[in-house]
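Hi everyone, thanks for making time today. I'd like to walk you through a structure that is new to most of us, one part after another.

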Number of protein chains: 2
Amino acid sequence: MIEVNNNFHLLPVSYLFSEVGRRVAAFREANPEREVIRMDIGDVTRPLFPSVIAAMHEAVEELASSSHFHGYGPEQGYAFLRDAIAEHDYHNRGIAIDSEDIFVSDGAKSDIGNLGDIYSRECKVAVMNPAYPVYVDDSVIDGRAGVLKDGKWSRLIYLDCDPENNFLPSLPEEKADVIFLCFPNNPTGEAISRPELKKWVDYARENGSLIIFDSAYEAFVRNPDIVRSIYEIEGAKEVAIEIRSFSKTAGFTGLRCGYTVVPRELKGTYKDGTQVALNSLWNRRQTTKFNGASYVAQKGAAAVYTPEGMADVRKATDYYLANAALIRQTLISKGYKAFGGENSPYVWATADNGEDSWNLFGKLLEEYGFSTTPGSGFGSKGDGYIRLTGFNSRENTEKAMSKIK
Amino acid sequence: MIEVNNNFHLLPVSYLFSEVGRRVAAFREANPEREVIRMDIGDVTRPLFPSVIAAMHEAVEELASSSHFHGYGPEQGYAFLRDAIAEHDYHNRGIAIDSEDIFVSDGAKSDIGNLGDIYSRECKVAVMNPAYPVYVDDSVIDGRAGVLKDGKWSRLIYLDCDPENNFLPSLPEEKADVIFLCFPNNPTGEAISRPELKKWVDYARENGSLIIFDSAYEAFVRNPDIVRSIYEIEGAKEVAIEIRSFSKTAGFTGLRCGYTVVPRELKGTYKDGTQVALNSLWNRRQTTKFNGASYVAQKGAAAVYTPEGMADVRKATDYYLANAALIRQTLISKGYKAFGGENSPYVWATADNGEDSWNLFGKLLEEYGFSTTPGSGFGSKGDGYIRLTGFNSRENTEKAMSKIK
């Protein structure tokens, strides 16, 4: 029998969202007469924009014709999309990121995991606590996490986030090689200002660290003092990779398209001290282990950058932000402590009475009939909290909140 | 500066197909008046089937509507597609593979690379020589290949294929933990019979090996004695993973959809000797580092299994097979030795005069104006050979072959 990757042996069996799904299904089965509103999973509910739909129908038609057929595309993504991203997400916002720095993919979750192929297995990884569980689980699978003791992985560096530090962690005391930062944050919904993020870029420059900056939620930022891209910070191109997605911006969760920016200025070293651009390593990884994002999805993504598409992004994110605001206000009015929900689709809440996350989850499900995501699933500092999302329909959000009221 | 994965330092800089593309581009630039026909890359050229096109338009329309919108799908693929695969590719051919054994993905290249996450880094890997370069390059990136000496990787086991053994390698003398087999083969175009494949399944059962069986070209098999699925061999479910793709079967190279079969009977061991089903490891890997294939592509793939879709698969593969037969016959009539091209879209040829692959590539490009893939790019045993593909249009194939005549 073959020897398998032993790191899987260390991982807890169940993945957070599957466990929530399982408990919701069990509740539904036990209470068939009760309606359950899913306020847990971060999945969009609004249909795709007309400009995106039209572009995808066109792309499908091209594939039906001998003369316009598209087979294998560039593993890095089509130039039409890389150029549109560079122009609209960076150049037009005063940031010098070029098409060659941009790699289109089937989504942020794949890229976060696959990036682990390019940095050393010896790297010490720092994660926010709480955080999107994938950063931790990927580190475990890749053998960078050590072993689990008292709810913490022995080789990970935890960056604690709580109301005392406004959910903005302090710089680590020991040296971190790779630092996962996510702003606007999942799950806390809190965002970061330029002076605060500059501290991290400076730390990375001083310590030779790599920041993997997950900005999947940047389209929700309304406050001009809040960071949308880490490259707004001077010197970040030499220390940071940025991960973006069309999932939350334009409703692509089922279509699968995202991108990762690896600036050519960002360097690493081999064991013999030779320097190498991470851009060329990622390019080699993607050309070897990936074959490009779906042509239809890429054509749809390019339509997001038309004037109609950009107006629709604004409308869709406004819609979800209004849901988040309603959730936040309702919870606060009922005596919960609630955070985020501004410049972010997520609200992070606690009863602040010592009740643990799964209890709080169970209570809200049973009393009010809506599901949330238990904060403990995001790390030890998430215990006592739940995450609620603005991604439901207005109708369902209002219905769920009216039950609390 | 961060320490990177040192294995990239060991890899040759250029990827085979990029290098071919570069040389073709250079030739075109130097000879702007000459037409160049690409007989090298294994990319399809025929448009997608009407049933697939209709299904994808429908899927796009669903995404335009609030009531039919689809967000995140199951990471393993939608049941409608997994069920269709199980029924048509397995049950209807007398093979007991169920939906739960099937994982839909964005393609075979991703799966081949990502499967490296689930078996131990200590595993000794065997590859056919010649072989699709990705098996070797993935093994290098993952640290299983050792170092390159005289054109061979020190930790890989090479399974030599040549005319003397009809391109069917002998069982390895040292124990192989993971064995990549590809039939019908890329690049040699040769296929395998049941008794021949049974030897490998028996070897794997005796030695506790895992076979990763790449059957991306099974739709080209016409001879009923030739294997389409490794699960036609008794006992294979306990030792083999099978990788399939809609790319060559139904023209999905740009759409991105494939699947991997990990039977629940297939077990491995952790370091402490505990047994674990590879199905559950792959499920954990995919739910953590992947977010499902594009909904539109999955709907298109399901249409491949309608009566119209299946008839169109037959027509499209017949078309490419006729191209391959023409290539094979023409080359043989001109004194080349040519293999494959029956039950396979690939023809493997040599001038058999000691001329190396890149010379042969250069000569055919300059004299006849068509590009081929140099066999040496597939491994040391490929030197002296070139690979030609039947994936071009009939017109271009005839034009290229008429130049030789």
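**A first walk through the model**

Let's begin with the surface. Chain A has an accessible surface of about 14,000 Å², and 47% of that belongs to carbon and sulfur atoms. Please keep in mind that this is a predicted model.

What is chain A built from? It has 13 helices and 18 strands. The radius of gyration of chain A is 21 Å, and the globule rule gives 22 Å for 405 residues, so chain A is as compact as a globular protein of that length. If you follow the C-alpha trace of chain A along its principal axes, it spans about 55 × 55 × 50 Å.

How much of chain A is buried? Of its 405 residues, 64% count as buried. Then there are the contacts: taking those in chain A with a separation of 6 or more, 71% are between residues 24 or more positions apart.

Now a nice example of a buried element, helix α6 of chain A, residues 133–141. In this helix 9 of the 9 residues are buried, so the helix is largely enclosed by the rest of the structure. Among those buried residues are A:Pro133, A:Tyr135, A:Asp137, A:Asp138 and A:Ile141. Just after α6(A) comes A:Gly143, which takes a positive phi of about 80 degrees.

On to charges. Chain A carries 45 positive and 56 negative charges, and the mean positions of the two groups are 2 Å apart. Side chains of opposite charge can pair when their charged atoms come close. How many salt bridges are there over all chains? The count comes to 66.

Some of these salt bridges join up. In chain A, one network of salt bridges links A:Asp89, A:Arg93, A:Glu218, A:Arg228, A:Glu242 and A:Arg244.

Let me move to chain B for a few individual pairs. The side chains of B:Asp89 and B:Arg244 form a salt bridge, 3.9 Å from N to O. Where do the two partners come from? B:Asp89 belongs to helix α4 (residues 79–90) of chain B and B:Arg244 to strand β10 (residues 240–245), so to speak two distant parts of the chain, 155 residues apart. Both B:Asp89 and B:Arg244 are buried.

A second pair in chain B is B:Glu100 with B:Arg264, whose side chains meet in a salt bridge at 3.4 Å, N to O. This pair also links distant parts of the chain, 164 residues apart: B:Glu100 is in the loop between α4 and β3 (102–105), and B:Arg264 is in the loop between β11 (258–261) and β12 (267–269). Are these two residues buried or partly exposed? B:Glu100 counts as partly exposed at 44% relative accessibility, and B:Arg264 counts as partly exposed at 34%.

The third pair is B:Asp40 and B:Arg38, with a salt bridge of 2.8 Å from N to O. Here B:Asp40 is buried, with a relative accessible area of 0%, while B:Arg38 counts as partly exposed at 29%.

Next, please find B:Asn129 in strand β4 (residues 125–129) of chain B. B:Asn129 counts as buried, because its relative accessibility is 1% and the cut-off for buried is under 20%. What does B:Asn129 touch, leaving aside its neighbours within four places in sequence? Its contacts include B:Lys152, B:Tyr158, B:Asp160, B:Cys161, B:Phe378 and B:Lys381. For a sense of distance, the C-alpha atoms of B:Asn129 and B:Gly251 are separated by 27 Å, and these residues are 122 apart along the chain.

B:Asn129 also brings us to the backbone. The peptide bond from B:Asn129 to B:Pro130 is cis, with omega near 10 degrees, and B:Pro130 is placed in the loop between β4 and α6 (133–141) of chain B. In chain A, a cis peptide bond joins A:Phe183 and A:Pro184, with omega about -10 degrees. A:Pro184 lies in the loop between β8 (178–182) and α7 (194–207).

Finally, two residues that have a positive phi although they are not glycines. A:Arg256 has a phi of about 75 degrees; this residue is in the loop between α8 (247–250) and β11 (258–261) of chain A and counts as buried at 4% relative accessibility. B:Asp352 has a phi of about 55 degrees; its loop runs between β15 (346–350) and α12 (357–368) of chain B, and at 49% relative accessibility B:Asp352 counts as partly exposed.

That's my tour. Thanks for listening!

Technical notes: Residues numbered from 1 in each chain as written. Chains lettered and ligands numbered in written order. Predicted model: local features only at pLDDT ≥ 70, side-chain atom pairs only at ≥ 80, totals over all residues. Heavy atoms only, no water. Helix = DSSP H or I, 4+ residues; strand = E, 2+ residues; numbered from the N terminus. Rg over C-alpha atoms; globule rule 2.2 N^0.38 Å. Buried < 20%, exposed > 50% of the residue type's maximum accessible area, 1.4 Å probe, protein only. Contact = heavy atoms within 4.5 Å. Areas by Shrake-Rupley, 256 points an atom, 1.4 Å probe, with all protein chains shown as cover. Lys, Arg positive; Asp, Glu negative; His and termini not counted. Charge placed at Lys NZ, Arg CZ, Asp CG, Glu CD. Salt bridge = Lys/Arg side-chain N within 4 Å of Asp/Glu carboxyl O.
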